[in-house]
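Could you walk me through this protein in my viewer, stop by stop? I'd like to know what to select next and what is there.

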Amino acid sequence: MTIERPEMTTEDPDLVANDDTTGDGESLHTPGTPKRVLVIKLSAFGDFILSIRSFQAIRAHHPGADITLLTTKPYVSLAKASGCFNTVLMDSKPKIYEIPSILKLRKTLRSFKFDRVYDLQRNERTGFYYKLFPANKPEWVGNVRGCSHYYEKPDNGVFHIAVREKEQLKTAGITDVRLPDLSFIKADIEDLALPRSYALLVPGGAPHRPEKRWPVTRFAELADHMTHLGITPVLIGTEAERVECDQIKQFCSAALNLCGKTSLEQIGVIARKAQFAVGNDTGPMHLISAAGCPVIVLFSNASDPNKICPIGPEVEIIQVDDLQNLELEKVAAALPAANTD
């Protein structure tokens, strides 16, 4: 584990922000208002974005608390920029047999002497982290048996992950959970040379889940259709989607291919200025939607939008059993009216 803090970096995995901690494993947990709070959210990208509104609700509920986030490397910069946390800890997610790393993690967690923990990951790993704290546990908001604020997922019905998280926070008295505010995201986009009127296309997705992708030929046809509406298609993706984005660019020369050229922060800024976005069920669509961009998200029967679709002010879902059979006309008909003035 390494510790990441604003305006400070360190190679010492045991260095902590609080000068008054002794690392002796004693807990400062007392009834009343928590003063030292830990939030745990490790992955994945889409889930992390969905949790931003929870981060903001926790900060608003504990305005004077010292709040720490335990997360993984890809999300450290966003977490720092959010203004929700005093300290960001980067978790290397050690294996159970990596004893020295586990002991360092235990020492770090105990040294902060947290009063309350919001476990937004709610899995076996964080259940194990609960055991790393001393016998006098901090208040724990999660699904670990025996914790102070236990949340149990209902066995009936379909619940979106954000709805479940909202219900989890309610067990700790946090009831004001709103749409995420991503105005904290700042980035320079001048070098990207964006056109005046553009929309985003996100043709990628998890490489091991091809059934969650609309065919690249359909994205290419949609890009061409957009140019006839006076809108420039802007292609967003990582290097893993290079082939798909290059194919779309070859079919539609007017498209702007930004594959592999944008940071997460730049995508957030680009999304605010976009007319709309169309993409598969993939992480960047969560960021784009939360930034306030109208989005159309394409789902197959491989995943349930009722559980995991992006949240934002304007989200439209198109779901078919097999995305290979989703026709261009259906997606084109769902496009919002664009402002090309």
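Here is a short tour of the model, one selection at a time. Keep in mind that this is a predicted model.

**Stop 1: strand E2**

Start by selecting residues 36-40, which make up strand E2. Five of its five residues are buried. Try looking at the strand from both sides: Arg36, Leu38 and Ile40 are on one face, Val37 and Val39 are on the other, and all of them are buried.

Now add the strands that pair with E2. Residues 66-71 are strand E3, which runs parallel to E2 and is joined to it by five bridges. If you pick valine 37, you'll find isoleucine 67 of E3 opposite. Then show residues 116-119, strand E5: this one is parallel to E2 as well, with four bridges between them. Here valine 39 has tyrosine 118 as its bridge partner.

**Stop 2: the nonpolar cores**

Keep Val39 and Tyr118 selected, and add Phe55, Phe85, Leu200 and Ile288. The largest nonpolar core has 54 residues, and these six touch the most other members. In soluble globular proteins, nonpolar side chains tend to be buried together.

Zoom in on leucine 200. What is it in contact with, leaving aside its neighbours within four places in sequence? The contacts are Val234, Ile236, Ile270, Ala271, Ala274, Phe276, Ala277, Val278 and Ile288. There is also a second, separate core of 27 residues; to find it, pick Ala220, Ile248, Val320 and Ala334, which are among its members.

**Stop 3: the six-stranded sheet**

Next, show the open sheet whose six strands come in the order E10-E9-E8-E11-E12-E13, with parallel pairing. Which strands are at the edges? They are E10 (256-257) and E13 (315-319), each pairing on one side only.

Now select helix H7, residues 216-228. H7 packs on the sheet and touches E8, E9, E11 (277-280) and E12 (295-299). Compare directions, and you'll get about 175° between H7 and E8.

Back at the E10 edge, E9 (residues 232-235) and E10 are joined by two bridges and run parallel. Valine 234, one of the contacts of leucine 200, stands opposite leucine 256 in E10.

**Stop 4: helix H9**

Select residues 264-273, helix H9. Seven of its 10 residues are buried, so H9 is largely enclosed by the rest of the structure. The buried ones are Glu265, Gln266, Ile267, Gly268, Val269, Ile270 and Ala271. To see what covers them, show helix H3 (76-81), strand E8 (198-202) and helix H10 (283-290), which are included in that cover.

**Stop 5: the largest pocket**

Turn on a surface and look for the largest pocket, with a volume of about 580 Å³. It is lined by 26 residues, and the closest to its centre are Phe45, Gly46, Thr282, Gly283 and Pro284. H1 (45-50), H9 and H10 each supply at least two residues of the lining.

**Stop 6: backbone details**

Go to the loop between E2 and H1, where you'll find alanine 44. The peptide bond joining serine 43 to alanine 44 is cis, with omega about -10°.

Finish with two lysines. Lysine 93 is in the loop between E4 (87-90) and H4 (99-111), and lysine 113 is in the loop between H4 and E5. Phi is positive at lysine 93, near 50°, and also at lysine 113, near 55°.

Is each one buried, or partly exposed? Lysine 93 is partly exposed, with a relative accessible area of 33%. Lysine 113 has 9% relative accessibility, so it counts as buried.

How values were computed. Residues numbered from 1 in each chain as written. Predicted model: local features only at pLDDT ≥ 70, side-chain atom pairs only at ≥ 80, totals over all residues. Heavy atoms only, no water. Buried < 20%, exposed > 50% of the residue type's maximum accessible area, 1.4 Å probe, protein only. Pairing = 2+ DSSP bridges. Core = buried A, V, L, I, M, F, W, Y, C linked by side-chain atoms within 4.5 Å. Contact = heavy atoms within 4.5 Å. Axes fitted to C-alpha atoms, helices over the stretch in contact; angles between N-to-C directions. 1 Å grid on protein atoms, 1.4 Å probe; cavity = no way out; pocket = protein on both sides within 12 Å on 5 of 7 lines; lining within 4 Å. Points joined across faces, edges and corners; volume = space filled by probe spheres on them.
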